[in-house]
Amino acid sequence: MAAHPSVVKTDAATFEVVKNSLYAVAEEMKVVLAKTAYSPILKVAGDYSCGVFDDRGNMVAQGPDLPIHLGSMPDAVRAVVRAWEDIEPGDVFVHNDPYFGGSHLPDVNVVSPAFVDGALLGFCCVRAHWPDIGSATPGSYGAVTDVYGEGLRLPPVRIHRGGAVNRDVEDMIFANVRTPAERRGDLRAQIAANRRACERLAALAGKYGTDNLKRIMQEVMDYSEAMMRALLRDIPDGEGAFEDFCDGDGIVAPGSNRDETFDIRLRITKQGDGVTVDFEGSDAQVAGPMNAPLSVTSSGVFAGLKMAMDSAGVVPPNSGAWRPVKVVAPEGSVVNAQYPAPVVYANHEMSHRICDMVFGALAAIIPDRVMACSQGTSAVLTLGGTDYRTDEHYVSYETVKGGFGARPDRDGISAVASGISNTMNTPVEVIEMSFPVRVESYELLPDSGGAGRWRGGLGARRTWRILERDSRATVCCERTKSAPFGIEGGAAGAPARISVVDAHGAERVLNSKGAFDAPAGALVVFDVPGSGGYGPPADRDPARLGEDLADGYVTPEGARRDYAAADPDALLAAANGRDAAV
Amino acid sequence: MGWRIGVDIGGTFTDVAVLDEESGRAGIAKVLTTPRDFGAAVIDGIGAAMGEYGIDPASVSLVSHATTIVTNALLEGKGADVALITTEGFRDVLELRRSARADLYDLFQNAPAVLVPRRRRFEVAERIDAQGEVVAPLDEAGLDTVVERIRGLDVEAVAVCLVFSFLNDAHERRVGERLRAALPGLPVFLSSEVLPEIREFERTSTTAVCAYVGPVLASYLDRLEAALAELRLPSLYVMGSNGGVFDVPEALKMPAGAVESGPAAGVIAAQRMGRQLGRANLISFDMGGTTAKASLIEDGRIETTSEYEVGGEGNVGRWLHGTGHPIRVPVIDLAEVSAGGGSIAWLDPGGALRVGPQSAGAEPGPACYGQGGTRPTVTDANVVLGYLSRTHLLGGRLPIDAAASEAAIREHVADPLGLDVAEAAAGIVRVVNNSMAEALRIVSVERGHDAREFSLAAFGGAGPVHAAALAEELGIAEVIVPPIPGGFSALGLVATDLRRDYAHTFYARIDDVDLDALNRRLAELEAAARTMLENAGLPEADRSIERSADCRYTRQAYELTVPLGEGRVTRALLEALADGFHDRHLRTYGHKNPDEAVQMVNVRVTATGRLPGVEFHADVEDGAASAGEREREVVFGERVRCPVVARGELPAGAEGRPGPFIVEEMDCTIAVPPGWRARRDERGFILMTRSA
């Protein structure tokens, strides 16, 4: 560590000061967005990312946001740079096209150029998930077969021109989305976040000089690259492969009676200070919206690599960090989708999957720096209809969190966002105030953590009673069939399950993806997966198993079945004895 | 009239501030903190201060205390054994939290601690809906079973949080009655009493924190009160995180309100200083050995926030880290950064110069202390640059080894970067100043204030060295350094008022408020506030009650607190409230949406009992200090020879003394750069201004 790479020409103190300021800009954008946005998914759940970009669209600084956007945010700004040459101060661009720098249609990018004295410094971009972007289904999560069916598709267009609102575009957008007043508030919040960031960039240019600032922006990316290469050099060269299957794409093909599974394969080759992730052998793109554009696939790869390589968080996330990483995937495969394949589910379901698989493959090279499979799904439920209390339309979008994988030296974490995601749940009291449902339970699922020397995190159950009027719902989840895998001999976590119990108590188990009717009085029950265990269950410390029994994370039946415990009651009694002795 | 005594427990020292109400004379005594029994240092320190200033117990009018007991119990996991009762289906609300993880990429992060383990969490069947209606009655038989199981557990407190109890507390009150009847003497905390506000996790967390720390706080305060009684001192007041003090019974009703009161004291001290000097707009800047804290005082008012976590990795910067326990009580709004005199400078593998968050602390301390420290710190950089003495600190009590500073900086920073030692030291100071400037920005510019309209109040052992540079960074024209800057925070304890906050969720669109219901709710809160003030026995003229409301646009999630005028609430008053909200939104976020409906979420009532105002001053001897050098080389951009003077040598005239020069005193050093002038007022405050 003694030799310092010479990528940074600026003096060390100025570099550190400006680098910190650039990351502070991205963080401040996040504050403005969260505190002023209207829809719960943005303001409460935090499904958005903010970034500062150079004048060609490379990401210089990402806020403390979602790993899911690591790979695809730069494409969002590059798309604007490619599409327009006459970018002027006061312009604001909006777009969401997955085949033109977007990820899926609900993720709406707002991109603003930052100018000082007529010179372009770079760009600021807020990507935010809108709970609805049109299409036949409230929430825009229908199981359709092309991108046209997924909602309003926006190539990069100006929503502001020279500082004034471009009503032509605005009116067209708000005519095509549900609950337009709420969307208008979200868009305003995105623009306000960008405005704040552009002001701060201009102030930095004023202080350090435009040319210096632009040079340091490049150096910040070079710096991340150098740091990432140094970390890669520190681990052994090697190769690891992993394959897994997905539950389906939400489409039952003609002549079939079920949603068919499909396969993903990846091979990681690490050599020197670079790494290649090759998806050769993955299945062809599918009919339903489980197709990942390459930038979404890359996000999953980057998130997994960053956790394995840079757990301590020394590499600032930006475009430079990923220069040592090569992602290769066959064109037209499910991990490199081609127009006009539908994509909406893949954005999180495929990037979750790929992130977990990266750990599975890296286990062959660095088993002490990987985790078992996490929940592997964003577990989305949307509900839509009219509220009996107000007669107003509503669309609710919730994600439910399951287990975070077991680690080489500790248990997994229960019911917390993992991998590419870090959104929050919406408080039950806020949900019920906002939408005509009653959440009847929100609780941990005993025995759902994969058994192992280190136990997987528990999954959770959330249930919604539909009140007074029928609701049109959609679900999007994974790992109903493919349970989250364990690692180094650990057992899999419990799979997902979603069902509707009607007012008479009859239960119908649903497919993992697609729209369904939830009639008034019905109860929607969503069990989200636990995570895999690490190491053989036989190696579990009996005292820890006893504690798990005392807290009901593991039941006596589960202890016998999953850990071959001969006498769970004795373990429980010992745990209670310790408790009393403290 | 008599003396007031305030005690602030710090990591190394317990500071005791004394204030003579009549003359305003202030003083500080310091004793070593006693971590195994904090109360011992409190009593010792009070004894030392009374001895030093010749204070007779009979002349003491107020003893107030910023306790660290609550925070420590949470950080060390040493709170009470608690049982929790929730609505059926919600046993795990405390563990499920908000489901975001604290660190995005840390594979080895731990789950946040859960204050009440699952084995002691119980459900009762009952349900209130979003309109406050009972949709499932309380299952009394089931409750019996739960009460009996809790009896068998031998817990020290019980927390109760049922869904929507902030709209209708009937079930929670009933659970409370049954628990209190069946288990007499056991503290019971109901969420509808502690925090009647929306959001079940945050409400449960706040209630659980109260139950967890309540018994610990009670036993600590009991022992302390007994010891004070033996010294014939009056009964104790406790400083709250809101910056006010309240008596012990009030503290025990809401133990979470006594969190983090030490930093609050510093902000209060700055506020009082502003009042005394006629500066309504101040940014307080308190820099010690490991952290720097900034807070904003506008128009003489402190800002509080309800977004706070305790017992985790702190509230550094703009976001909660998700590692601690949220408590929704008003806490003085501070931005804190890991930057202090002891912060260590290092080069990361990418070649960037970093400062902190690791600190050399008191042991081994900076390299120049000669106590075994070999890594370069901010203090070492200040020694190399001549801001601090190259021979001694603390009035000669702490010898300084400047060669050790130079060696540490050369080895770890200068040589690897190919710089000379002074350039490297200047780099360290720039980096640490930038991170502190960020804290100042967070509380000012980011909240919509123009920093140039504020003065900077600089204190803490390390603050006044860096203050002028930070002021330049933010365009601030005046820096004020109080007397005894190193112990100034503790003065906030003796200069504050009685203050207690009451809040209740009142969920309605402003254009659709049930005025009678709102006025009833406010009347209840105001009655509670009046009772507190009456119990405190303050004259009517010194009592005041202020009202405010947390508002947002109907569909937003975060509220801004806006003052609500006096008297019975009318439509006109609500319109004024909405206007106030639009303006505040514009100022804070850069836009407002006046066509949209404004939602009221919580109403708040703050009761203040003003203690007699005091103008404080400290003894400053005119003329030069006895020991120390009279001149040294200091790097202000370039190396210049500067005079070194004592506070007493500064002129009182408006002209002041032009920089560059250094002011050295017992517990602090002040750097006055070129382009600045400094003078002293008659009470010992130093006022530094930038020349036009």
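Is Glu488(A) buried or exposed, and how many C-beta neighbours does Glu488(A) have inside 10 Å? I'll come back to that in point 4; a few notes as I went through the structure, keeping in mind that this is a predicted model.

1. **Chain A overall.** Chain A holds twelve helices and 20 strands. The C-alpha trace runs to about 75 × 65 × 55 Å along its principal axes. Its radius of gyration is 24 Å, which agrees with the value near 25 Å that a compact globule of 582 residues would have. Of those 582 residues, 64% are buried. Contacts tend to reach along the sequence too: take the ones in chain A between residues at least 6 apart, and 75% of them join residues at least 24 apart.

2. **Two domains in chain A.** The domain assignment gives domain 1 as 12-224 and domain 2 as 371-540. Their centres, taken over C-alpha atoms, are separated by 30 Å. The two do touch: 19 residues of domain 1 of chain A are in contact with 21 residues of domain 2 of chain A. On the domain 1 side of that contact you'll find eleven nonpolar, five polar and three charged residues.

3. **Gly101(A).** This glycine sits in the loop between strand S3 (92-95) and strand S4 (107-116) of chain A. Gly101(A) is buried, as 27 other C-beta atoms lie within 10 Å. If you set aside neighbours within four places in sequence, the contacts of Gly101(A) are Asp75(A), Ala76(A), Arg78(A), Ala79(A) and His95(A). For a sense of scale, Val275(A) is 174 residues from Gly101(A) in sequence, and the two C-alpha atoms are 24 Å apart in space.

4. **Two positive phi values outside glycine.** Back to the opening question: Glu488(A) counts as buried, because it has 20 C-beta neighbours inside 10 Å and the cut-off for buried is 20 or more. Its phi is near 55 degrees, a positive value in a residue that isn't glycine. The residue belongs to the loop between strand S16 (471-476) and strand S17 (497-501) of chain A. In chain B, Asp299(B) also has a positive phi, about 55 degrees, without being a glycine. Asp299(B) is in a loop as well, between strand S14 (292-298) and strand S15 (301-302) of chain B. Asp299(B), though, is exposed, with 6 other C-beta atoms within 10 Å. If you're checking the backbone by eye, have a look at both.

5. **Two cis peptide bonds.** One is in chain A, from Tyr339(A) to Pro340(A), with omega near 0 degrees. Pro340(A) is in the loop between strand S11 (325-328) and helix H8 (346-362) of chain A. Another is in chain B, where Gly356(B) and Pro357(B) are joined by a cis bond with omega about 0 degrees. Pro357(B) is found in a strand, S22 (residues 353-359) of chain B.

6. **Helix H16 of chain B.** H16(B) covers residues 571-589, so to speak 19 residues, and goes 27 Å from first C-alpha to last, close to the 27 Å expected at 1.5 Å a residue. Which of its residues are buried? They are Leu574(B), Leu577(B), Phe581(B), His585(B) and Tyr589(B). These cover an arc of only 75 degrees around the axis, so they lie on the same side of H16(B). What covers them comes from both chains, including helix H1 (12-36) and helix H5 (180-208) of chain A, along with strands S28 (543-553), S29 (560-564) and S30 (598-609) of chain B. Right after the helix comes Gly590(B), with a positive phi near 90 degrees.

7. **Where the chains meet.** The contact between the chains takes 75 residues from chain A and 56 residues from chain B. On the chain A side, the elements that each supply at least two residues are H1, helix H2 (40-43), H5, helix H6 (210-233), helix H7 (294-309), helix H9 (428-434) and strand S14 (437-444). H1(A) gives the most, with 15 residues. By class, the chain A side has 39 nonpolar, 14 polar and 22 charged residues. H1 and H5 of chain A are worth viewing together with point 6, where they are among the elements covering the buried residues of H16(B).

Methods:
Residues are numbered from 1 along each chain as its sequence is written. Chains are lettered from A and ligands numbered from 1 in the order in which they are written. This is a predicted model: local features need pLDDT of at least 70, side-chain atom pairs count only at pLDDT 80 or more; totals for chains, interfaces and linings use all residues. Helices (H or I, at least four residues) and strands (E, at least two) are DSSP runs, numbered from the N terminus. The expected span of a helix is 1.5 Å times one less than its number of residues. A residue is buried if 20 or more other C-beta atoms lie within 10 Å of its own, exposed if 12 or fewer, and partly exposed in between; C-beta atoms are placed from the backbone. The arc is that of the directions from the helix axis to the C-beta atoms. Two residues are in contact if their C-beta atoms, placed from the backbone, lie within 7 Å. The radius of gyration is taken over C-alpha atoms; the globule rule is 2.2 Å times the number of residues to the power 0.38. Domain bounds come from an automatic or database domain assignment. Ala, Val, Leu, Ile, Met, Phe, Trp, Tyr, Cys and Pro count as nonpolar, Asp, Glu, Lys and Arg as charged, and the others, Gly among them, as polar.
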